[in-house]
Amino acid sequence: MNKIPAIGTPVRTQAIINQYGLWASKRLGQNFLIDLNVLQKIVEQAKVTDRDIVVEIGPGIGALTEQLALHAKEVFAYEIDKKLIPVLHDTLSGFSNIEIIFQDILKADFAELKGHQPVKVVANLPYYITTPILFALLKSRLDFTSFTVMMQKEVARRIQAGPGSKDYGELSLAVQYYLDVDGIFDVDRRSFLPQPGVDSSVISLVKKRNFKPFVFQEQLFKVIKAGFAHRRKSLINNLLFLVKKSPEKRQQLENILTAIDLPLNIRGEKLDLNKYEQLTSSLIEKGFIS
Ligand code: SAM
């Protein structure tokens, strides 16, 4: 008897597309993986074992879901596109450890995960909402240990970037505040059907060991946002947008920067997370912001 090829192979994916008269929705970021090596590398990089509960975002026609289910204890996959209901029902019918939830991941409350956490998040993300998904999951009640996700290469570079680099920005700091980068590899456009118009990378992010929220977390993110608001302006000029501008406020800021050893003409892109935390504490302590 002929063995059915894996879903994530060109021949099987094309057969599924033909069978169901599917078209890949650009609007929903549907680029299906048709490279078994890449799929297996993702599972490997996520270090999925038979003790793991995995949350997948956007199973599509099931290529990654299948590979995850071969290694994980259970896979919970959230898919927004209801036209894929009969497809996934069929392609993944051989597995008893997969639950597909037809929901927008940005609106999911993860009720079905009660008693099944912590989880590992693994996904070939829809690129049009990569950052909203990351932020929604970071802010959600989902108890996760790692994210291993395919995204636009350029976004992965921004996440990894450090002070002084052109890719460094609000996204780098927001992610690095919670997570450490644990691995990254690039993926060729030919590994997808249809091929995306941008380059891709898979990045693994693990929850920081001994993560302790910064006391003034909300203000910290406001200060970081302000720090990068106008990249060509100095940090002082950007921070002045947080208050009603006046010569006194400028003087106060100059004193604050000097007290924490920052040059007066420094730009926001030169500060690392620790320095932003120090700056935020000083701004609050001196009553510049509350
Ligand atoms: N996992 C499949 C693969 O690797 O071949 C498909 C990945 S495709 C890049 C992204 C998937 O995310 C699509 O199936 C798309 O329908 C789904 N998707 C898009 N927006 C979504 C959302 N808001 N919530 C859940 N799934 C979404």
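**Stop 1: the largest pocket**

Start with the largest pocket of this predicted model, which holds about 250 Å³ of space. To bring up its walls, select F135, L138, K139, R158, E170, L171, A174, Y178, Q217, F221, I224 and K225. Now colour by secondary structure: α5 (130–139), α7 (170–178) and α8 each give the lining at least two residues. What is the chemical make-up of this lining? Recolour by class and you will find 7 nonpolar residues, 4 charged ones and 1 polar one.

**Stop 2: helix α8 against helix α11**

Keep α8 on screen, and add α11. Two packed helices are described by the angle between their axes and the distance between the axes. Select residues 217–227 for α8 and 273–285 for α11; their axes come within 9 Å and cross at roughly 110°. That angle makes α8 roughly perpendicular to α11.

Next, show the side chains where the two helices touch. From α8, pick Q219, L220, V223, I224 and G227. From α11, pick L273, Y276, E277, L279, T280, L283 and I284. Sorted by class, the residues of this contact are 8 nonpolar, 3 polar and 1 charged. If I224 looks familiar, that is a good sign: this residue of α8 takes part in the contact with α11 and also lines the largest pocket.

**Stop 3: a salt bridge between α6 and β7**

Which residue forms a salt bridge with R157? Select D186 and draw a distance: the closest N and O atoms of the pair are 3.3 Å apart. R157 sits in helix α6 (residues 153–160) and D186 in strand β7 (residues 179–187), so the bridge ties together parts that are 29 residues apart in sequence. Should you wish to hunt for others, the whole structure has 12 salt bridges.

**Stop 4: the largest cavity**

Now go inside. Rolling a probe the size of a water molecule over the atoms shows where empty space is left. How many cavities of 30 Å³ or more does the structure hold? The count is 1, and about 350 Å³ of space lies in the largest cavity.

To centre your view, select I57, G58, E79, N124 and P126, which lie nearest the middle of this cavity among its 29 lining residues. Then highlight the elements that give two or more residues to the lining: β1 (32–33), β2 (53–57), α3 (63–69) and β3 (74–79). By class, the cavity lining is made up of 19 nonpolar, 7 polar and 3 charged residues.

**Stop 5: unusual backbone geometry**

Finish with the backbone. Most residues other than glycine have a negative phi, and most peptide bonds are trans. Here are some exceptions to click on.

- Select Q117 and P118, which are joined by a cis peptide bond with omega of about 5°. P118 is in the loop between β4 (98–102) and β5 (119–124).
- Stay in that loop between β4 and β5 and pick F110. Its phi is positive, near 60°, and F110 is not a glycine.
- Move to L193 and P194, where a cis peptide bond has omega of about -10°. Look for P194 in the loop between β8 (192–193) and β9 (200–207).
- End at K47, another residue that is not a glycine, with a positive phi of about 50°. You will find K47 in the loop between α2 (36–45) and β2, and β2 is one of the elements met at the lining of the largest cavity.

Note on methods. Residues numbered from 1 in each chain as written. Predicted model: local features only at pLDDT ≥ 70, side-chain atom pairs only at ≥ 80, totals over all residues. Heavy atoms only, no water. 1 Å grid on protein atoms, 1.4 Å probe; cavity = no way out; pocket = protein on both sides within 12 Å on 5 of 7 lines; lining within 4 Å. Points joined across faces, edges and corners; volume = space filled by probe spheres on them. Helix = DSSP H or I, 4+ residues; strand = E, 2+ residues; numbered from the N terminus. Nonpolar A, V, L, I, M, F, W, Y, C, P; charged D, E, K, R; others polar. Axes fitted to C-alpha atoms, helices over the stretch in contact; angles between N-to-C directions. Parallel < 35°, antiparallel > 145°, perpendicular 65-115°, else oblique. Contact = heavy atoms within 4.5 Å. Salt bridge = Lys/Arg side-chain N within 4 Å of Asp/Glu carboxyl O.
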